[in-house]
Amino acid sequence: MARPRMPTENETLALVESRRRCCICFALDRDTEIKSGQIAHLDRNNSNHSPANLAFLCLDHHDEYDTTTSQRKGFKIQEVKEYKKELLDWLGSALSQKVHFGVLSLPDADPYAGQWVRLGSNESPAELRIIPLPDTVDGQPRYFVTGMAYQGMSREYGPNMGTLDFFSEIIDGASLFYSRPSLSIQGPATTELTFTDDGHLKVWEEDTGGQYGMGVTFDGLYQRVT
């Protein structure tokens, strides 16, 4: 007997809500690239087309999720459901931002905008780009922050790498905040960026337990280079 076909509206919802991003790629590597993939049934029941049971996965992770093996622990249903929620929360935040058309009029000399590079060892480089936005929140300027950090540049198989992307208004006149669910059991992971009086940027993480990748952290003191 043929299994029931997935309703078109449920298939469309799974594709649209994920914007064809794989939630496992996002959760493990902060990979937000559009993927070629398939819609997975999280309970592995191909007749259960409930939207809560569907998740768009890249081809590799779909195959891995559907494959059972005694040699290693595979992805668990609750694990992937949490990854899906994390992706949808991030997409909701990103898609809620205003779209600006045409040429933006921005301050000529913004003390915070630009590219910032972490000072210290070349073994764990990191950089952040802080981009001013034309809208404000309660009169406070808003910024988009994006960055990349590495750990173990001399490792035989290459360094671990993590990315950071968030929107924030200035808090208390000198700080930007980013908070998201932590991969540990200790609660939300918070990253705070504070601009110091001597022109540096100090990054502090409440939870450095690997939320950006194994051993990867943005913690440290930064200097603006552009």
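**Exercise 1. Aromatic cluster**

Task: In this predicted model, which residues form one aromatic cluster with Tyr112? Classify the pair of tyrosine 112 and tyrosine 143, and place both residues in the chain.

Solution:
- Step 1. The cluster consists of Tyr112, Trp116, Tyr143 and Phe195.
- Step 2. Take the pair of tyrosine 112 and tyrosine 143. Their ring centres lie 6.1 Å apart, and the planes make an angle of 70 degrees.
- Step 3. Pairing requires centres within 6.5 Å, and planes over 60 degrees apart count as edge-to-face. The tyrosine 112 and tyrosine 143 pair is therefore edge-to-face.
- Step 4. Tyrosine 112 is found in the loop between H4 and strand S3 (114-118), while tyrosine 143 belongs to strand S5 (residues 140-151). The two are 31 residues apart in sequence, so the pair ties these parts together.
- Step 5. Tyrosine 112 and tyrosine 143 are both buried.

**Exercise 2. A pair between helices**

Task: How many aromatic pairs are there? Why does the pair of phenylalanine 26 and tryptophan 90 count as tilted?

Solution:
- Step 1. The count is five aromatic pairs.
- Step 2. For phenylalanine 26 and tryptophan 90, the centres are 5.4 Å apart and the planes stand at 40 degrees. Stacked needs under 30 degrees and edge-to-face over 60, so the pair is tilted.
- Step 3. Now locate the partners. Phenylalanine 26 sits in helix H2 (residues 23-29) and tryptophan 90 in helix H4 (residues 77-95). With their positions 64 residues apart, the pair links distant parts of the chain.
- Step 4. Check the exposure. Phenylalanine 26 has a relative accessible area of 4%, so this residue is buried. Tryptophan 90 reaches 22%, so this one is partly exposed; the cut-off for buried is under 20%.

**Exercise 3. Two arginines over rings**

Task: Over which rings do arginine 30 and arginine 44 lie? Are these arginines buried or partly exposed?

Solution:
- Step 1. Arginine 30 lies over the face of phenylalanine 26, 4.5 Å from the ring centre. Phenylalanine 26 is also the partner of tryptophan 90 in the tilted pair.
- Step 2. Arginine 44 has its charged end over the ring of tyrosine 65, at 3.9 Å from the centre.
- Step 3. Arginine 30 occupies the loop between H2 and strand S1 (37-41). Arginine 44 is in the loop between S1 and S2.
- Step 4. Look at the backbone. Phi is near 55 degrees for arginine 30, positive in a residue other than glycine. Arginine 44, not a glycine either, has a positive phi of about 60 degrees.
- Step 5. Arginine 30 has 10% relative accessibility, so it counts as buried. Arginine 44 has 39%, so it counts as partly exposed.

**Exercise 4. Cavity lining**

Task: How many cavities of 30 Å³ or more does the structure hold? Which elements each supply at least two residues of the lining of the second largest cavity?

Solution:
- Step 1. There are two cavities of 30 Å³ or more.
- Step 2. The second largest cavity holds about 50 Å³ of space.
- Step 3. Its lining residues include Ala14, Glu17, Leu54, Phe56, Lys84 and Leu88.
- Step 4. Helix H1 (8-18), strand S2 (54-58) and H4 each supply at least two lining residues.

**Exercise 5. The whole chain**

Task: How many helices and strands does the chain have, and what share of its residues is buried?

Solution:
- Step 1. The chain has four helices and ten strands.
- Step 2. The order from the N terminus is α-α-β-β-α-α-β-β-β-β-β-β-β-β.
- Step 3. Of the 226 residues, 36% are buried.
- Step 4. The accessible surface is about 13,300 Å², with 52% belonging to carbon and sulfur atoms.

Key:
Residues numbered from 1 in each chain as written. Predicted model: local features only at pLDDT ≥ 70, side-chain atom pairs only at ≥ 80, totals over all residues. Heavy atoms only, no water. Phe/Tyr/Trp six-rings, centres within 6.5 Å; stacked < 30°, edge-to-face > 60°. Buried < 20%, exposed > 50% of the residue type's maximum accessible area, 1.4 Å probe, protein only. Lys NZ or Arg CZ within 6 Å of the ring centre and 35° of its normal. Areas by Shrake-Rupley, 256 points an atom, 1.4 Å probe, with all protein chains shown as cover. 1 Å grid on protein atoms, 1.4 Å probe; cavity = no way out; pocket = protein on both sides within 12 Å on 5 of 7 lines; lining within 4 Å. Points joined across faces, edges and corners; volume = space filled by probe spheres on them.
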